[in-house]
Every structure is written in structure tokens, then in C-alpha cells.
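Biologist: I would like to learn how to read the empty spaces of a protein model, and what to look for around a bound molecule. Could we go through it step by step?

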Amino acid sequence: MIPYGKQDITQGDIDAVIEVLGSDFLTQGPVVPRFEELVKTSVGAGFSVAVNSATSALHIACLALDLGPGDRLWTSPITFVASANCALYCNASVDFVDIDPTTYNLCPQALEQKLIAAELAGALPKIVVPVHLAGQSCDMKAIKALSDRFGFRIIEDASHAIGAAYGDEKVGSCHYSDITVFSFHPVKIITTAEGGMAVTNDPVLAGKMERLRSHGITRDPHLMTHTPHGPWYYQQIELGFNYRMTEMQAALGCSQMTRLHEFIERRQQLAAQYAELLNDLPLMLPYQLETTASSWHLYIIRLQLSELSKSHLDVFNELRSAGIGVNLHYIPVHLQPYYRQMGFADGDFPHAEQYYQEAISIPLFHAMTDEQQLQVATSLRRILI
Ligand SMILES: *Cc1c(COP(=O)(O)O)cnc(C)c1O
């Protein structure tokens with residue numbers, strides 16, 4: 001089976017992890033800060049906080065922005081459940097904004113309409129989480145303009161988008177947001193096995209997130225209620241968690257970061273080749289805004305079902321039978337049983353639901369060969385025509 005995504009681990013990556021295993025620190029040593037430095041420099045942010053997953057990063061990002069009971073967080077229905085769940089961890093409520101049917105990202109026009117209605121109802125969101133689906137940035141200028149007008153904060157879920165660009169800047173510069181979150185799960189662009197990071201330009205938010213990842217504990221005398229009793233002293237000043245990243249994960253991350261550029265180049269090349277290979281098939285290929293350069297975490301095709309005699313499920317099953325490890329990103333979050341029980345229902349977000357009827361993620365990963373790609377394209381052609 002040709003998988004839809006796969007990590008790429010070299011001997012260099014393995015050596016870096018083994019070296020750390022023989023060192024003095026397995027956690028809370030010098031490698032995590034080194035990894036934080038590499039990522040923040042690469043994306044152009046001022047501060048970075050490494051954690052054990054992007055899910056944890058979303059949670060502490062929400063808490064740092066004071067999301068709590070009675071507050072609202074809005075995100076896209078076409079995302080992994082974690083982008084929405086983070087609000088529920090904070091006892092806030094979740095709502096969704098429908099996608100743009102061409103980019104599949106949260107639609108700024110739909111957001112504006114919903115904000116106007118929410119303002120009248122006195123129910124504006126505190127946080128909006130735009131998700132850069134497949135690695136293509138959302139229209140951040142438009143979303144930032146709405147944030148200035150309606151007063152909400154922005155957390156970019158860039159789990160798919162390390163190495164991507166928006167305008168002249170890298171995704172993660174936080175030029176149009178308060179905090180940006182990355183995931184290093186093995187299917188993503190670079191991996192630390194499990195792992196994530198929150199980046200920001202605000203030192204206060206960074207300090208809060210650092211405390212929240214480690215029990216709410218500080219060693220900074222300025223933040224304490226009295227002078228430290230001695231060099232051992234620390235204070236817990238709020239309720240935090242153990243969301244720390246290990247040194248082995250950070251060592252893998254540092255090693256992977258040296259190849260980020262190479263990863264993105266190959267993904268961009270494979271995407272360009274797919275565009276050529278699939279161009280005449282009854283499909284909608286991923287539309288790219290001129291202002292964005294995707295990291296191509298996923299290559300998502302949409303079937304033009306009116307031109308096909310087969311169903312979405314038939315095509316999906318036939319591809320799997322042909323050894324093509326296709327997948328579907330994502331089941332609209334509001335249609336998950338857990339969210340339906342909060343009152344969400346079919347028809348709430350029609351563009352997202354239509355997308356779900358037609359979308360398929362086809363294989364795209366760093367080590368994919370041109371031959372494998374040709375095999376995917378040939379199978380698709382045979383199945384569709
Ligand atoms: C993978 C992913 C997450 C969660 O990442 P973890 O590191 O596995 O917690 C969140 N949001 C999106 C969009 C993702 O793709």
C-alpha cells in the first residue's frame with residue numbers, strides 16, 4: 001500500500017536521538033530550547049514554547065488568551081477535532097464558520113456575516129482558530145481585519161503548515177495572529193513522534209504558556225509572592241499541566257529541521273507533478289491563492305460526481321484495493337456524535353458537508369518516488385474513466 005503520508009527518518013535523525021539518550025538529560029535539558037530556537041528562527045516569531053503535542057499547544061494557547069466559562073471559540077468544521085476541543089477543555093463553547101468552497105479554509109466572508117449577527121446578539125467569540133488546511137494559509141489579512149473590527153483574538157492552527165508562506169512571511173510569523181501552533185506528529189511535515197509548539201511575538205503570552213506546560217510553576221522571583229527561600233525555591237502561581245517535550249523528541253526535531261527546506265521542495269514538486277498528471281480528469285484539484293505557498297501536507301482532490309458513474313465511496317474503495325492508501329481529511333467536526341449532542345446538525349455548514357461528500361486525500365510524502373506517483377495517477381485514471 002502506498003500510504004497517504006509517511007515520516008522520513010534518516011541515520012542522522014537516529015544518531016541525534018541516541019546521542020541524547022547517553023547524555024545527562026532525558027527531559028528539561030538543553031535540546032528543547034535548541035529546538036525552540038530553530039523553529040522560531042525558521043518561522044520568524046519572537047518566542048516559542050515546545051510541548052508534547054499540538055493539542056496541548058492549542059489548550060495552553062487558549063488559556064494564555066484567558067478563554068474560560070462563558071467564552072466562545074470559533075473554528076472551521078473541516079479540521080481535526082483538536083482545533084475545536086481546546087475550547088471545551090477551557091469550559092468555553094465552540095461554534096464553526098463554514099469553509100470557502102474553493103480553498104476549503106475558513107471563509108472570511110462567512111466569518112464576517114456570522115460576526116455581524118453575533119455582535120447584534122451580544123455573542124461575539126473571544127478566539128477564532130483559522131486552520132491552514134493541507135498547508136495552505138488562510139486569508140489572514142482578511143481575518144486580522146475582522147479581529148481588529150470585532151475584537152477577537154487569533155490562534156492559527158498551523159499543524160499542517162510549518163515551512164509554508166503567506167505573502168512575504170513564513171506561516172508562524174504571527175504577523176496576523178496572537179499565537180500559531182504547529183504539530184510534529186509523524187504524518188505532518190517534520191516529526192518528533194508526538195510533539196507540538198506554540199509561537200508568538202508577545203513575551204507575556206510566551207511566559208504564560210511556558211508556565212502552563214509545567215504545572216503553573218515559576219522560578220522567576222518577580223512573579224513570586226515573596227522573596228525565594230533559597231536556590232531550590234519555586235512557586236506554583238496558577239494551575240498548569242505536564243505538557244513538556246522530552247530531549248529525545250527535541251533532538252529528533254532539531255535533526256528534522258535541518259531538512260525542512262528539502263521536505264517542502266519535494267512536496268511542492270510532487271504537487272506540481274500531480275497537477276500535470278491529473279489535469280484532465282473529472283476532479284477539482286487544490287486551488288492555491290496567489291498570496292500563499294503551501295507546505296503541501298496533504299494533496300486533496302474533489303470528485304466531480306456529476307461527471308462520474310461511481311460514488312465517492314466506490315472510488316475510495318477501488319483506490320484502496322489498488323494499493324493506494326487514500327484517506328479523507330476531514331469528517332466535519334460538527335457532525336461528530338459528541339458535537340451533535342451539543343445541538344449541531346446536518347445542514348449547519350453546507351460547504352463543509354458538500355466538501356466531505358467529494359474529498360479524497362491521495363498519497364503525498366517526502367520519500368514518494370515519481371514511479372509511485374505515476375502509479376497513483378494511473379490507478380485514478382483507470383477508476384475514474
Ligand atoms: C494533527 C493536528 C492537530 C493535533 O496535533 P497533535 O500534535 O497530534 O496533537 C491539530 N490540528 C490539526 C489541524 C491537525 O492536523
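Biologist: How much space does the second largest pocket hold, and which residues lie nearest its centre?

Modeller: Rolling a probe the size of a water molecule over the atoms shows where empty space is left. In this structure, which is a predicted model, the second largest pocket has a volume of about 340 Å³. Its lining is made of 22 residues, and those nearest the centre are Phe80, Ser159, Ser183, His185 and Lys188.

Biologist: Which helices contribute to the lining of the second largest pocket, and what is its chemical character?

Modeller: Helices H3 and H4 each supply at least two residues of that lining, and H3 gives the most, with 3 residues. By class, the lining of the second largest pocket divides into 8 nonpolar, 11 polar and 3 charged residues.

Biologist: Where does the ligand sit relative to the pockets?

Modeller: The ligand takes up the space of the second largest pocket, so that the description of the lining can be set beside that of the shell around the ligand, where a residue counts if one of its heavy atoms lies within 4 Å. That shell has 15 residues, and the closest of them are Thr55, Asp157, His160, Ser183 and Lys188. Ser183 and Lys188 are thus named among the closest residues to the ligand and also among those nearest the pocket centre.

Biologist: Which helices supply the shell around the ligand, and how do its residues divide by class?

Modeller: Helix H3, spanning 54-64, and helix H4, spanning 82-89, each supply at least two residues of the shell. The shell divides into 5 nonpolar, 8 polar and 2 charged residues.

Biologist: Which atoms of the ligand pair with the side chains of aspartate 157, histidine 160 and lysine 188, and at what distances?

Modeller: For a polar contact one looks for a pair of N or O atoms within 3.5 Å. A nitrogen atom of the ligand is 2.7 Å from an N or O atom in the side chain of aspartate 157. An oxygen atom of the ligand lies 2.7 Å from a polar side-chain atom of histidine 160, and the side chain of lysine 188 places an N or O atom 3.0 Å from an oxygen atom of the ligand. As for coverage, the ligand taken alone exposes 380 Å², of which the protein buries 93%.

Biologist: How much space lies in the largest pocket, and what lines it?

Modeller: The largest pocket holds about 510 Å³ of space. It is lined by 19 residues, with Gln28, Glu210, Arg213, Ser214 and Ile217 closest to its centre. Helix H2 (31-43), helix H7 (203-213) and strand S10 (217-218) are the elements that give two or more residues to this lining, and H7 has the largest share, with 4 residues. The lining of the largest pocket divides into 6 nonpolar, 6 polar and 7 charged residues.

Biologist: How many cavities are found, and what is the volume of the largest cavity?

Modeller: A search of the whole structure finds 3 cavities of 30 Å³ or more, and the largest cavity has a volume of about 110 Å³. Of the 14 residues lining the largest cavity, Thr103, Tyr104, Ala134, Pro286 and Gln288 lie nearest its centre. That lining divides into 9 nonpolar and 5 polar residues, with no charged ones.

Biologist: Which backbone details should I inspect at tyrosine 330 and aspartate 66?

Modeller: The peptide bond from histidine 329 to tyrosine 330 is cis, with omega near 10°, and tyrosine 330 belongs to the loop between helix H10 (312-321) and helix H11 (337-340). Aspartate 66 has phi near 65°, a positive value in a residue other than glycine, and is found in the loop between H3 and strand S2 (72-75).

Terms used: Residues are numbered from 1 along each chain as its sequence is written. This is a predicted model: local features need pLDDT of at least 70, side-chain atom pairs count only at pLDDT 80 or more; totals for chains, interfaces and linings use all residues. Side-chain values use heavy atoms; hydrogens and water are left out. A polar contact is a pair of N or O atoms within 3.5 Å; within protein, one must be able to donate a hydrogen and the other to accept it, and residues adjacent in sequence count only if both atoms are side-chain atoms. Accessible areas come from the Shrake-Rupley method with a 1.4 Å probe; for residues, only the protein chains shown count as cover. On a 1 Å grid over the protein atoms alone, a cavity is a set of points where a 1.4 Å probe fits but cannot get out, and a pocket is an open set with protein on both sides within 12 Å along at least five of seven lines; lining residues have an atom within 4 Å of a point. A molecule sits in a cavity or pocket if more than half of its atoms lie within 2 Å of its grid points. Ala, Val, Leu, Ile, Met, Phe, Trp, Tyr, Cys and Pro count as nonpolar, Asp, Glu, Lys and Arg as charged, and the others, Gly among them, as polar. Grid points are joined across faces, edges and corners, and a volume is the space filled by probe spheres set on the points.
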